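User: Hi! Could you walk me through a structure I'm about to share?
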Amino acid sequence: MPPNAAEAPAEITVRDLRAGYGRHSPPALGGLTARVPRGALTALVGPNGSGKSTLLGVLAGVIRPASGTVERRPGAGRPAFVVQRSAASDALPLTVREAVAMGRWARRGPWRPLTRRDRAAVDACLERLGIRELAGRQLGAVSGGQRQRALVAQGLAQESGLLLLDEPAAGLDRPAQDRIRAVLAESTAAGTTVVQATHDLDEALAADHCLLLAGGRLLAEGPPAAVLTPAALDRAWAVPRPQRVTVNEVQAPSVETTSPSMRFGSEPG
Ligand SMILES: Nc1ncnc2c1ncn2[C@@H]1O[C@H](COP(=O)(O)OP(=O)(O)OP(=O)(O)O)[C@@H](O)[C@H]1O
């Protein structure tokens with residue numbers, strides 16, 4: 001981890017990024033400018049619908065920006081992207097080990113035989129996520145939390161310099177959350193740049209860097225403790241969502257009325 005993530009060189013620089021899901025949807029990201037420091041853990045924080053997953057999708061290259069720029073460090077390889085649990089198909093006829101081994105395809109090419117080094121990397125990732133004993137089980141037949149750990153292991157198995165994760169610890173029990181937190185810390189210590197979306201304030205506060213999103217824009221970025229102030233969180237949860245503007249009709253902005261699902265560590269549950 002760099003001593004000061006704000007001073008670390010940028011892994012990614014995003015400028016005036018606009019992205020969405022077609023002409024008929026409101027823009028998910030409406031002019032976002034931010035930087036992701038290299039070799040650090042960056043937390044993406046913001047209300048539901050603020051654009052965290054969309055930003056991860058753009059950084060992963062699976063969502064094409066409508067405009068703006070995304071600059072990666074020169075020579076950077078393909079990112080590894082760990083999607084949310086609900087997006088993973090439970091129906092795939094794969095064992096946990098095979099699912100993790102798919103992470104090696106990024107290097108080896110799909111369906112290519114694994115080398116000894118690939119198999120060692122898969123074993124190490126199973127071990128790091130504490131799912132080695134599940135290796136032979138069908139992915140669709142393990143619990144949601146175990147499957148989620150398998151997906152994180154698959155992301156790690158790619159050995160990418162940029163690991164993107166969409167709420168990797170959501171819904172996991174405390175030991176599994178702690179394990180993922182430790183694994184991500186090890187990854188950044190080894191020089192990997194990690195970006196994770198999270199709704200867990202403790203997790204966000206433990207990151208090196210934080211981007212606070214609201215309404216598809218950056219509200220604040222910097223050290224988590226400086227960004228995630230009660231005032232900033234109140235602001236984030238009060239930002240109106242972007243609205244689609246149609247001919248002859250200007251929709252009034254709607255204000256998010258649900259209270260933040262975030263909690264401060266010192267507050268009772
Ligand atoms: N597949 C989709 N098609 C159309 N609109 C979408 C799609 N996915 C997301 N959106 C919209 O894009 C905006 C940003 O959504 P996004 O999923 O990026 O937010 P988020 O911050 O990750 O939310 P959450 O915390 O709920 O995961 C929202 O207004 C959402 O409704």
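User: How many residues of E6 are buried?

Analyst: In E6, 5 of its 5 residues are buried, so the strand is mostly covered. Buried means that 20 or more other C-beta atoms, placed from the backbone, lie within 10 Å of the residue's own. Strands here are DSSP runs of E with at least two residues, helices are runs of H or I with at least four, and both are numbered from the N terminus. One caveat: this is a predicted model, where local features need pLDDT of at least 70, side-chain atom pairs count only at pLDDT 80 or more, and totals for chains, interfaces and linings use all residues. Residues are numbered from 1 along each chain as its sequence is written.

User: Which residues of E6 are on each side?

Analyst: Leu 162, Leu 164 and Asp 166 are on one side, with Leu 163 and Leu 165 on the other. In general, side chains in a regular strand alternate between the two faces of the sheet.

User: Cool. What does E6 pair with in the parallel sense over 5 bridges?

Analyst: That is strand E7 (residues 193-197), parallel to E6 (residues 162-166). Pairing requires at least two DSSP bridges between the strands. Leu 165 stands opposite Gln 196 in E7. E5 pairs with E6 as well, in the parallel sense over 3 bridges, and there Val 82 stands opposite Leu 165.

User: And the whole sheet, what's the strand order?

Analyst: The order is E5-E6-E7-E3-E8-E9, an open sheet of 6 strands with mixed pairing. Strands E5 (80-82) and E9 (217-222) are the edges, each pairing on one side only.

User: Which helix lies across E5 and E6?

Analyst: Helix H5 (residues 144-157) does, running at about 175° to E5. Angles run from 0 to 180 degrees between N-to-C directions, with axes fitted to C-alpha atoms, for helices over the stretch in contact; contact means C-beta atoms, placed from the backbone, within 7 Å.

User: Switching topic: how many residues surround the ligand?

Analyst: There are 13, and the closest are Tyr 21, Ala 28, Asn 48, Ser 53 and Thr 54. A residue counts as near if its C-beta atom, placed from the backbone, lies within 6 Å.

User: Which helix gives the most to that shell?

Analyst: Helix H1 (residues 52-60), with 3 residues.

Definitions and conventions
Two residues are in contact if their C-beta atoms, placed from the backbone, lie within 7 Å. A residue is buried if 20 or more other C-beta atoms lie within 10 Å of its own, exposed if 12 or fewer, and partly exposed in between; C-beta atoms are placed from the backbone.
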